[in-house]
There are 2 protein chains.
Amino acid sequence: MPETKDRPYHHGDLRRALIDTALAMLAADQNWAFTLREVARRTGVSHAAPYKHFRDRESLLRELARIGFIRLGQAMTAAMSAGGACVREKFIAGAQACIGFALCNPGLYRLMFSADADKTADRPLHDAAMETFGILLRLLQEGQIRGSFRPIAINALAAASWAQVHGLAMLAISGQLAEEKVGREPVRAALDVLLDGLCC
Amino acid sequence: MPETKDRPYHHGDLRRALIDTALAMLAADQNWAFTLREVARRTGVSHAAPYKHFRDRESLLRELARIGFIRLGQAMTAAMSAGGACVREKFIAGAQACIGFALCNPGLYRLMFSADADKTADRPLHDAAMETFGILLRLLQEGQIRGSFRPIAINALAAASWAQVHGLAMLAISGQLAEEKVGREPVRAALDVLLDGLCC
DNA sequence: CAATATAAGTTTCTCCTGTAAACATGGAGG
DNA sequence: CCTCCATGTTTACAGGAGAAACTTATATTG
């Protein structure tokens, strides 16, 4: 039982442990101002150990963002599966899952779309983001085939949809959406407005 | 003629000079990773001088963001004035001005909406942001009064509109909007989709 | 108009960070 | 059993944030 041992020289899975610590700090502070040394400290290793697993600080941040995109994708997929047969219902479910994810993980969500998680410099991150984006794209295509969504260029549909969902998520995070009550009503209403424009 | 003097001990308007330098660096690098010391260096003063004008580094960043909101507001107001009499046209003009501003000043735009420009910690910044947001709100109200926009809760209208415009701007900045061509077409189409849902 | 208070700069100092290099360790394969 | 290598550790260094103490020009006041 290696978990009862106090401190074996070799951690076992330091990479994972560092990621977990960093995710925890991100969730606690809702920002990624933490220092690499602090992450190492809290993980119980020397301040140089992380460099055996991440080229530099940004590299760790990009890995956090990648995990964020994977989790977001899972949340959206799950919500859409449970969201009824109608594409419109599925869309609403997926969008609310995205906004809910952002509200539950504001720091992580911000990091995912920040310049510090540069997708042009990290293929795995880029792929994860595209994969999650693809979930939306496939739903739009399905809706068009079924005749639920207007047959305009898929790019325009995607731009409008993604902008709306991501925009709402960012506004929700900033608290700019909840002047009086943080309820789902304005979000739902905004999505309905979009869908009224989207649908045939 | 004080401007011909080489280096008077008192700069004259160091605060403004620091802001200009920082804005230039922000525009050059499209990020705000620059250090306060570097700003001081390029402005030709000692590294401690900025602290006479800004409590800390973040304080300077917030001031940059405030200026960004003012400039964005001016750009949107100007575009809307020149955008025809129809509210729908005005909306399109204002939205495109916002997206154009973001594309011309990606770094500044990102900073304005980043957690580093914390609006809850800076009244002037908060006010500037609200003032610019108010431009959109007033247009929506005008549109409702004229009967151009659907008479749903103004909050829902605002959420949908602001999310769409801001979302498109962020996507445009990230280059995620221009898979093949960076043309205005997808943006215009996305705005039309929104307006189809917004209008009566 | 001199004396001086004050705003605006500068120097110096401390603590901390990111990151490189050299060194240590212990588990896996010959 | 012995040696290699991935994974840790120690040590070292260049820079940055910000505080404190010191300096200088400008504005005020008797």
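How far from a phosphate oxygen of DNA strand C does a polar side-chain atom of B:H53 lie? The distance is 2.8 Å.

## Model and conventions

This is a predicted model, in which local features need pLDDT of at least 70 and side-chain atom pairs count only at pLDDT 80 or more, while totals for chains, interfaces and linings use all residues. Residues are numbered from 1 along each chain as its sequence is written, chains are lettered from A and ligands numbered from 1 in the order in which they are written, and side-chain values use heavy atoms, with hydrogens and water left out.

## Fold of chain A

Chain A contains 8 helices and 0 strands; helices (H or I, at least four residues) and strands (E, at least two) are DSSP runs, numbered from the N terminus. Along the sequence the pattern is α-α-α-α-α-α-α-α. The C-alpha trace of chain A spans about 65 × 40 × 35 Å along its principal axes.

## Relation of the two copies

Two copies of a chain are related by a rotation about an axis and a shift along it. Here, chain B is superposed on chain A by a rotation of 180° with 0.0 Å of shift along the axis, at an RMSD of 0.1 Å; the fit is by least squares on the C-alpha atoms of residues with pLDDT of at least 70 in both copies. That is the relation of a two-fold axis. Both copies use the same surface, since 100% of the contact residues of chain B recur in chain A.

## Interface between chains A and B

In the interface, 28 residues of chain B are in contact (heavy atoms within 4.5 Å) with 28 residues of chain A. The two chains bury about 2,400 Å² between them, 68% of it on carbon and sulfur atoms; buried area is the accessible area (1.4 Å probe) that two parts lose on being put together, summed over both.

There are 2 salt bridges between the chains, each a side-chain nitrogen of Lys or Arg within 4 Å of a carboxyl oxygen of Asp or Glu. One of them joins A:D196 and B:R150, with the closest N and O atoms 2.9 Å apart. On the side of chain B that touches chain A, α7 (154–174) and α8 (185–198) of chain B each supply at least two residues. The largest share, 11 residues, comes from α7(B). By class, this side has 19 nonpolar, 6 polar and 3 charged residues. Ala, Val, Leu, Ile, Met, Phe, Trp, Tyr, Cys and Pro count as nonpolar, Asp, Glu, Lys and Arg as charged, and the others, Gly among them, as polar.

## Surroundings of DNA strand C

DNA strand C is surrounded by 21 residues (a heavy atom within 4 Å of the strand), the closest being A:R37, A:Y51, B:S46, B:K52 and B:H53. Of the atoms of DNA strand C that come within 4 Å of the protein, sugar and phosphate account for 58%. By class, the surface near the strand has 8 nonpolar, 8 polar and 5 charged residues. Helix α2 (residues 36–43) of chain A gives the most to this surface, with 3 residues.

In chain A, an N or O atom in the side chain of A:T35 is 2.9 Å from a phosphate oxygen of DNA strand C, and a polar backbone atom of A:L36 is 3.0 Å from a phosphate oxygen of the strand.

Notes: A polar contact is a pair of N or O atoms within 3.5 Å; within protein, one must be able to donate a hydrogen and the other to accept it, and residues adjacent in sequence count only if both atoms are side-chain atoms.
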